[in-house]
Amino acid sequence: MTHVYDSTGWVRGLETVAAWLLGFLWVLPLLYAFWTAFHPAEFSTRLALDAPLTLENFVKAWHAAPFARYFINTVILVTMVLAAQLVLVTLAAYAFARFEFPGRGVLFALVLVQLMIMPDVLIVENYRTMTFLGIKDTILAIGLPYMASAFGIFLLRQTFKTIPRELDEAARVEGCSPLQVLWRVYVPLARPTYLAYALVSVSYHWNNFLWPLIITNSVESRPVTVGLQVFASTDQGIDWSIITAATLLTTAPLLVGFLLFQRQFVASFMRAGIR
Amino acid sequence: MRSRPWAGLALAAPALALVAIFFVGPLMMSAVLAFRGKDGGFTTEHFAKAFELYSTDLLFSAVIVVVSTAAIGAVAIAIAGYLTLGEHPRTQAILRWLYRWPLFIPFIVTAQVMRTFLAKNGMLNHVLIGGGLIDPLQAQSLLDWRGIVIAFVWKQAPFVTLLLAGAMAAIDRQHIEAARNLGAGRLRVLFGIVLPQSRRTLLVGLVLSFVTMLSVLSVPMMINPNSPTMLTVDIAYRINSHGDYAVANALCLMSLVLASFGAWFYLREAARKVERT
């Protein structure tokens, strides 16, 4: 399309160069991580086009920590948390969006206050609670404080409130119970929100570090992010190649997932109105 | 609105029970213990100790997060603005594809990558030396406050950009076309038309980033663990090395007050949006 206001050639060229530069700069740390991980250590800070490719760094990283176990723990963690969140958040959001009950305003305000506070600032007391419950150093202990997600309740409540009441009432006239209305009307119409929320939840809990670091101390329960901490200590020496290989190992599932689902993720994110 | 008191309460009860056990209770206990002395009486000694030992870190945390939030805003405006108003479709498509990558990179991985990238013998200095931009003797490590800010901006800017670009894309193109047909330059269109209409989304994205960054441990711990550092490192240190839960609680509450400034703003904006709908 030609506009009367089109920029002059050099301005447009400059903008294009700046945009390319910005994009390149943004992806440079990741490119560097890939370069270092797939090349011998002597090429970790030297770009040479004839540098040989190797997978040895990944093998060394894999053997430096029980990554297989850490991955299993992480998958169990994110699956368990997401499943519990979807059930609890859906029921609570439905109640706050469509039911009137005593203390509704106060209780919803309480949920909103939780939104202000990252659970990490309550680690001391939650640590005591887990000790009291006798589940310290378990995967359940990592996930339990996050299962009633304030963000999820808030997000879904907003989505549910935008669904026309006529659909709700039509379903009730057909004889649906409140739970059937939820399952047949609200849940299907909120699918983009669920997808966006699920991706945010999985990403967050895959990334979580502080709470798992404090509540776990054994290989059987530690997630992959805590396992990666092994490479942060000086005991391992500073071998960037192995560190970056371990780093890529940790994040590979998320990157592959993002590559496969980025179109759906971005679309859902936009339509869900996380703002 | 259905008027079935017990049905609504029963639906919300499981989530509310968890909120009570893992949020309300701990929050109240955290506040109580932060003010309780060894003899069980009221005291402010834990806060005094926290201030004495970590007041610099409190200030450091606030400055780091504010600077990072401002930088994230600038980067997000630049990228989202170009994606909305740029005139080179292929460059827009490539930038759109590239900027999103850090979205799914965990903070701990971001910290690891930046630790290797920004070190004195890291890739950044090698590129700068190789490009003749600096002498080898001028190479310096960026693993200090600058490293933390760079890591935060790199990780969080795509999140804010994604929200902002969505809001900008939703603006009626006729407004933009009309302004440009009247001779307004793209910068003027960006700051005079597009940004004011997507301002709320930008601010909410920045607030969410602000609160998130305050609670991140891995980035300051790996990039700049020595004093001054961020409060999260101090909290982990008080618990892991000293078993000092009282001072850790005091630090948690101080962190909470900082986060509350941002969160209050988010809730206010969100409430307005609900009211409008």
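This passage describes the main pocket, the cysteines and one buried glutamate of a predicted model.

Residues are numbered from 1 along each chain as its sequence is written, and chains are lettered from A in the order in which they are written. Local features need pLDDT of at least 70, side-chain atom pairs count only at pLDDT 80 or more, totals for chains, interfaces and linings use all residues, and side-chain values use heavy atoms, with hydrogens and water left out.

The largest pocket (an open set of points on a 1 Å grid over the protein atoms alone, where a 1.4 Å probe fits, with protein on both sides within 12 Å along at least five of seven lines) has a volume of about 390 Å³, taken as the space filled by probe spheres set on the points. Its lining (residues with an atom within 4 Å of a point) holds 15 residues, and Glu15(A), Ala78(B), Gly81(B), Tyr82(B) and Leu187(B) are the closest to the centre. Two or more lining residues come from each of α1 (9–37) of chain A and α2 (45–85) and α8 (186–197) of chain B, where helices are DSSP runs (H or I) of at least four residues, numbered from the N terminus. The largest share, six residues, belongs to α2(B).

The whole structure contains zero disulfides, a disulfide being a pair of cysteine sulfur atoms within 2.5 Å. Cys176(A) counts as buried (under 20% relative accessible area, 1.4 Å probe, protein chains only) because its relative accessibility is 14%. Cys252(B) is likewise buried, at 1%.

Glu87(B) lies in the loop between α2 and α3 (89–99) of chain B, and is buried at 13% relative accessibility.

Methods. Buried means under 20% relative accessible area, exposed over 50%, partly exposed in between (1.4 Å probe, protein chains only).
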